[in-house]
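Student: I have a new structure to read. Where should I begin?
Tutor: Let us open it and go feature by feature.

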Amino acid sequence: MFNLIQNFLSNVLQTIVLRVSLIEINAIKNLLIRIFIKNYEIEIKDYPRRSHHEYKHFNDFFTREINPNKRPIDGNDDGLISPVDGKIVEFGKIKEGHLMQIKSMKYKLNGLLDGNDELTEKYDNGSYISIYLAPYNYHRVHAPIEGILKQAIMVPGEMNRVDINALSNIENLYIKNQRLITELKGSVFNCIMIMVAARNVASMTYKNSNQNLKKGDEIGRFNLGSTVVVLLPNNTQIDWDQRVSIENNLKMGEKIAQLSKIR
């Protein structure tokens, strides 16, 4: 009974947040944006629309575009870039079908991939990195490699928070939450990028599959928040950049690893 009540209240909260974030009444949406900018000390000069008057509603501000010169894309053909602005939660090898959620808490690759055995086999013993997007971060998600967006599959699920406290207390959090599984197939390298939804994430928008993407092209955006997990297959050697360390902050477009094929 308690869980039913908790889920009901969570759904009600989601609906309220979505509706408030889409309010177009100037007095309300301008106030929300001003409070948010002040509270989170947003560097508004990094964005082409610098005035709260230029945004249709709060969610339009939350998913705001950034000046391209503020996020240059690393041009190394064999380089993996960060798809988002955010903080590194975990990274490393996928060992015997498991990834680290946080510290000693593991979760299953097959569960993360919604039971896809074919992809699980290709990515088991590969590599991964999990990046958390705080509310103040830039919230658009970009292609970490060049390739074809082979598929984009939305997996329904819960809307638990994904902050450090939640990661430490909720087992299999990324498996339980709603998530978008995108598969990128390049001429040399492949990867999977998973956008994990969270509490107060009103929704996710994303591109349809079968599109050619350059490294750094936008794939989707979080409408209020969350986490991205990037997976590299087991036929790819990955050498992490020195900036890759747990709790370090990344910016979209930065090179985070050098990739090479395992012969």
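**Confidence, then the fold**

Tutor: Begin with confidence, since this is a predicted model. In the chain, helix α1 (residues 2-21) has the lowest confidence, with a mean of 56, and helix α4 (residues 109-112) has the highest, at 98.

Student: What is the average pLDDT of the chain?
Tutor: The average is 89, and 90% of the residues score at least 70.

Student: How should I read a low-scoring stretch?
Tutor: Where pLDDT is low, do not read the predicted coordinates in detail. Here, residues 2-6 stay under 50. The model gives that stretch zero contacts beyond four places in sequence.

Student: Now the sheet. What is the order of the strands in the open sheet of eight?
Tutor: The general idea comes first. Strands of a sheet pair through backbone hydrogen bonds, in a parallel or an antiparallel way. In this structure the order is β11-β7-β8-β9-β13-β5-β2-β15, and the pairing is antiparallel. β11 (211-213) and β15 (249-250) are at the edges with a single partner strand each, so one side of each has no neighbour in the sheet.

Student: How many bridges hold β11 to β7?
Tutor: Three bridges pair β11 with strand β7 (residues 147-155), in the antiparallel sense. Look at Ile-148: its bridge partner in β11 is Asn-212. Ile-148 also stands opposite Lys-185 in β8. Strand β8 (residues 179-185) runs antiparallel to β7, and seven bridges join them.

Student: And the other edge? Which residue of β15 is the bridge partner of Gly-86?
Tutor: Leu-250 is that partner. β2 and β15 pair over two bridges, again antiparallel.

Student: Let us stay with β2. Which strand holds Glu-90, and what residues does that strand span?
Tutor: Glu-90 sits in β2, which covers residues 86-93.

Student: Is Glu-90 buried or exposed?
Tutor: Glu-90 is buried, yet has no salt bridge. Lys-103 is the nearest side chain of opposite charge, at 8.5 Å. A salt bridge would need the charged atoms within 4 Å.

Student: What lies 2.9 Å from a polar atom of the Glu-90 side chain?
Tutor: The backbone nitrogen of Lys-103 does. Keep the two distances apart: 2.9 Å is for the backbone nitrogen, while 8.5 Å is for the side chain.

Student: Which residues does Glu-90 touch beyond its sequence neighbours?
Tutor: Leaving out those within four places, its contacts include Met-100, Gln-101, Ile-102 and Lys-103. Tyr-128, Ile-129, Ser-130 and Ile-246 are also among them.

Student: Where does Lys-103 sit?
Tutor: Lys-103 is in the hairpin of β3 and β4, which has two residues between the strands. Its phi is positive, near 50 degrees. Strand β3 (residues 98-102) pairs with β4 over four bridges, antiparallel. His-98 stands opposite Lys-108 in β4.

Student: Which side chains of β4 are buried?
Tutor: In β4 (residues 105-108) the side chains alternate. Met-105 and Tyr-107 point to one face and are buried. Lys-106 and Lys-108 point to the other face and are not buried.

Student: Where else should I look for a positive phi?
Tutor: Try two loops. Glu-41 is not a glycine, yet has a positive phi of about 50 degrees. Its loop runs between α2 (26-40) and α3 (58-62). Glu-41 is exposed, at a relative accessible area of 67%. Glu-247, also other than glycine, has a positive phi near 80 degrees. Glu-247 lies in the loop between β14 (236-240) and β15, and is exposed at 58% relative accessibility.

How values were computed. Residues numbered from 1 in each chain as written. Heavy atoms only, no water. Buried < 20%, exposed > 50% of the residue type's maximum accessible area, 1.4 Å probe, protein only. Lys, Arg positive; Asp, Glu negative; His and termini not counted. Polar contact = N/O pair within 3.5 Å; in protein donor to acceptor, adjacent residues only side chain to side chain. Contact = heavy atoms within 4.5 Å. Pairing = 2+ DSSP bridges. pLDDT = per-residue confidence, 0-100.
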